[in-house]
Every structure is written in C-alpha cells, then in structure tokens.
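This report describes one protein chain for a reader who is new to structural work. Please keep the sequence and the structure in view while reading.

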Amino acid sequence: MNNEQEILDDKKYNKLIVVLSIVIPIAVAILFGVRIPNVEPLSFLPPIYATINGLTAVILVIAFFAIKNKNVVLHENLMTTAIWCSALFLVMYVAYHMTSDSTEFGGEGTIKYVYYFILLTHILLSIVIIPFVLITYVRAITNNIEKHKKIAKITFPLWLYVAVTGVIVYIMISPYYA
C-alpha cells in the first residue's frame, strides 16, 4: 500500500473511530442510569455475559497463536468473532443494568480492595480499549499490516486483560447477587 492511500484510509476511518470511542462509553454511562419500568429484571444475564467475556479471552489467545503460525484467515475470522462477542457482551451488560439494580460487593478486608482494584482497572481499560480495537481492526482491513502489528502489540494484552478481569469480577461478585 502506498503512503498516499494509507493517509486516505486513515482519514476515512479516523473520524468514525473517534466518534465511536466517545459515543460508546457515554451511551453506556447514560443507559446504565436508565431503568425500564415494568420489566422483569434480566437477572439471568450476568453468567451469560461473563461467559462471553471468557470466550472472548479464549478467542483472543487462539487468534494470537493463529497469526504466530501464519494462519491469517483463521486469525481474521477469530478477531472478527472477538469483536462481535465484545459487542454482544456490551448489549447484554447494558440490558441487565437497565432492568436491575447494581449488586454491591459484600466481601470485607483485603479482598474488598482487590475486588475494587480489579473492577476499576477493568472499567477504565474497557473504555481505553475501544479506540485501540477499532484502530487495530481498521489497519487490518485496510491492509496496513505493519501499522496493524505495531498497535496490535498494545491492543492484545489490554483487550485480554479486560476480557479476563470481566470474568474475575463476575466470579467475585456472583455470591452477592440477590
């Protein structure tokens, strides 16, 4: 790909990446505070979306090994699946919180601080990861592979951390669900 085409592709997608990176967290924050009246709580969702987070982590690891073994098609398919899993997680997460009150962590002592540290880093990095995933994906689909590889080295561990800590947060808080 020539440099001129790279610049055009970057400009084409950068606005969308910026918009989505701002709109998604704001929409989630707003919807998190919205309660749908007269709807049964979707209390069955947390184990499902935690499982999807776990599946995302597994997919990311398999995709990593696929590209290390130069299986580009498998890597592409797995990464697209990981993006869809993350989107599905987000929809379920928002739906749950629009129908249910947040659950308070009931642990005490050191475990409480561990839980809140994991939760806080999970939430912050789940916001930070949005533009990284989008940029990494765009660089792949525009065949800007060298730039894709550079940012993927940052995106992969951050996204994996978010996926794994999502499961850990669920496991730690699940005994306190009503």
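Is N38 buried or exposed? With a relative accessible area of 83%, N38 is exposed; buried means under 20% relative accessible area, exposed over 50%, and partly exposed in between (1.4 Å probe, protein chains only).

## Basis of the report

This is a predicted model, in which local features need pLDDT of at least 70 and side-chain atom pairs count only at pLDDT 80 or more, whereas totals for chains, interfaces and linings use all residues. Residues are numbered from 1 along each chain as its sequence is written, and side-chain values use heavy atoms, with hydrogens and water left out.

## Overall architecture

The protein has five helices and zero strands, and its pattern along the sequence reads α-α-α-α-α. Helices (H or I, at least four residues) and strands (E, at least two) are DSSP runs, numbered from the N terminus. Along the principal axes, the C-alpha trace spans about 55 × 35 × 25 Å. Of the 178 residues in the protein, 33% are buried.

One buried residue is V162, which has a relative accessible area of 9%. V162 lies in helix α5. Its C-alpha atom is separated by 9.6 Å from that of I127, a residue 35 positions away along the chain.

## Residues with positive phi

N38, introduced above, lies in the loop between α1 and α2. Its phi is near 55°, a positive value in a residue other than glycine. K70 also has a positive phi, near 60°, and is likewise a residue other than glycine. K70 is found in the loop between α2 and α3, and it is exposed at a relative accessible area of 70%.

## Surface patches

K70 also takes part in a positive surface patch, formed by K68, K70, K150 and K153. Patches are made of residues with over 30% relative accessible area and no salt bridge; like charges are joined within 9 Å, and nonpolar side chains (Val, Leu, Ile, Met, Phe, Trp, Tyr) within 5 Å. Lys and Arg count as positive and Asp and Glu as negative, while His and the chain ends are not counted. The place of a charge is taken as NZ of Lys, CZ of Arg, CG of Asp or CD of Glu. K153 lies in helix α5 (residues 145-173) and is exposed, with a relative accessible area of 68%.

A nonpolar patch on the surface consists of V18, I22, I26, I30, L31 and V34, which together have about 490 Å² of accessible area. Accessible areas come from the Shrake-Rupley method with a 1.4 Å probe, and for residues only the protein chains shown count as cover. Within this patch, I26 lies in helix α1 (residues 3-32). I26 is partly exposed, at 46% relative accessibility.

## Salt bridges

Side chains of opposite charge can pair when their charged atoms come close. A salt bridge is a side-chain nitrogen of Lys or Arg within 4 Å of a carboxyl oxygen of Asp or Glu, and by this rule there are two salt bridges. In one, the side chains of D101 and R35 meet at 3.6 Å, N to O. D101 lies in the loop between α3 (72-99) and α4 (110-141) and R35 in the loop between α1 and α2, so this pair ties together parts that are 66 residues apart in sequence. D101 is exposed at 59% relative accessibility, and R35 is partly exposed at 37%.

E146 forms a salt bridge with K149, and the closest N and O atoms are 3.7 Å apart. The two residues are separated by about one helical turn, because they are three residues apart in helix α5. E146 is exposed at 52% relative accessibility, and K149 is partly exposed at 43%.

## Aromatic pairs

A pair of aromatic rings is described by the distance of the centres and the angle of the planes. Rings of Phe, Tyr and Trp (its six-membered ring) pair if their centres lie within 6.5 Å; planes under 30 degrees apart count as stacked, over 60 as edge-to-face and the rest as tilted. By this rule there are 13 aromatic pairs. The pair of F64 and F156 is stacked, because the ring centres are 5.0 Å apart and the planes are at 15°. F64 lies in helix α2 (residues 45-68) and F156 in helix α5, so the pair ties together parts that are 92 residues apart in sequence.

The rings of Y170 and Y177 have their centres 6.1 Å apart and their planes at 35°, so this pair is tilted. Both belong to a cluster in which ring pairs link F32, Y49, F89, Y93, Y96, Y170 and Y177.
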